[in-house]
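Reader: I'm new to reading protein structures, and the vocabulary trips me up. Could you take me through this one and explain the words as we go?

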Amino acid sequence: MYKVIIPKFVVKELAKIEKRDRQLVFDKIKELEAGRFANDKALKGKHKGKFRKRAGNYRIVYLKENDILLITLVRVAHRKEVY
């Protein structure tokens with residue numbers, strides 16, 4: 001089981017999302033906490049080392065640190081503006 005850290009600015013981004021979509025994002029965050037990374041993609045370019053998880057039209061960008069089982073959310077935003 002992983003520990004998920006959600007910074008304050010990510011909480012603010014989550015507050016702007018519609019309730020239905022927000023619930024989907026929270027479900028995906030629970031998957032991260034449980035260690036399910038099945039369809040996640042590694043990002044390239046300036047975001048190298050980060051991963052993304054799809055949550056409908058939203059993307060969850062996160063850092064995964066294997067040796068200490070820690071996930072830090074970097075950004076949650078609509079797919080048009082997340083990168």
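Reader: How many bridges join strand β3 to strand β4, and which way do the two run?

Author: There are 6 bridges between β3 (residues 50-55) and β4 (residues 58-65), and the two strands run antiparallel. One heads-up: this is a predicted model, where local features need pLDDT of at least 70 and side-chain atom pairs count only at pLDDT 80 or more, while totals for chains, interfaces and linings use all residues. Also, residues are numbered from 1 along each chain as its sequence is written, and side-chain values use heavy atoms, with hydrogens and water left out.

Reader: What makes β3 and β4 a pair?

Author: Two strands pair if DSSP finds at least two bridges between them. β3 and β4 have 6, so they meet the rule of at least two. One of the partnerships is A55 with Y58 in β4.

Reader: And what makes something a strand or a helix in the first place?

Author: Both are DSSP runs, numbered from the N terminus: a helix is H or I over at least four residues, and a strand is E over at least two. By that count the protein has 2 helices and 5 strands. From the N terminus on, they come in the order β-α-α-β-β-β-β.

Reader: Why is the protein called as compact as a globular protein of its length?

Author: Its radius of gyration is 12 Å, close to the 12 Å that the globule rule gives for 83 residues, so the description fits. The radius is taken over C-alpha atoms, and the rule is 2.2 Å times the number of residues to the power 0.38. The C-alpha trace spans about 35 × 30 × 25 Å along its principal axes.

Reader: What sits between β3 and β4?

Author: They form a hairpin with 2 residues between them, and G56 in the turn has a positive phi of about 65°. β4 and β5 form a hairpin too, with 4 residues between them. In that turn, L69 has a positive phi of about 50°.

Reader: How do you know that β4 pairs with β5?

Author: Count the bridges again: 8 join β4 to β5 (residues 70-78), and these strands run antiparallel. Among the facing residues, Y58 stands opposite H78, and I60 has V76 as its bridge partner.

Reader: Where does β1 come in, and is its pairing with β5 parallel or antiparallel?

Author: β1 joins β5 through 3 bridges, and the two run parallel. K3 stands opposite L70 in β5. Put together, the open sheet of 5 strands has the order β1-β5-β4-β3-β2, with mixed pairing.

Reader: Why are β1 and β2 called edge strands?

Author: β1 (3-5) and β2 (41-42) each pair on one side only.

Reader: Is E13 buried or exposed, and how do you know?

Author: Buried means under 20% relative accessible area, exposed means over 50%, and partly exposed is in between (1.4 Å probe, protein chains only). E13 has 17% relative accessibility, so it counts as buried. E13 is in helix α1 (residues 8-15).

Reader: What does E13 touch?

Author: Contact means heavy atoms within 4.5 Å. Leaving aside neighbours within four places in sequence, E13 is in contact with R75 and V76. E13 and A77 are 64 residues apart in sequence, yet their C-alpha atoms are 6.9 Å apart in space.

Reader: What about A77: buried or exposed?

Author: A77 has a relative accessible area of 5%, so it is buried. A77 is in strand β5. Beyond the neighbours within four places in sequence, its contacts are N57, Y58, R59 and V82.

Reader: Why is A34 called partly exposed?

Author: A34 comes out at 39% relative accessibility, so it counts as partly exposed. A34 is in helix α2 (residues 19-34). Its C-alpha atom is separated by 15 Å from that of I60, 26 residues apart along the chain.

Reader: How many of the residues are buried in the whole protein?

Author: Buried residues make up 36% of the 83. As for contacts with a separation of 6 or more, 47% are between residues 24 or more positions apart.
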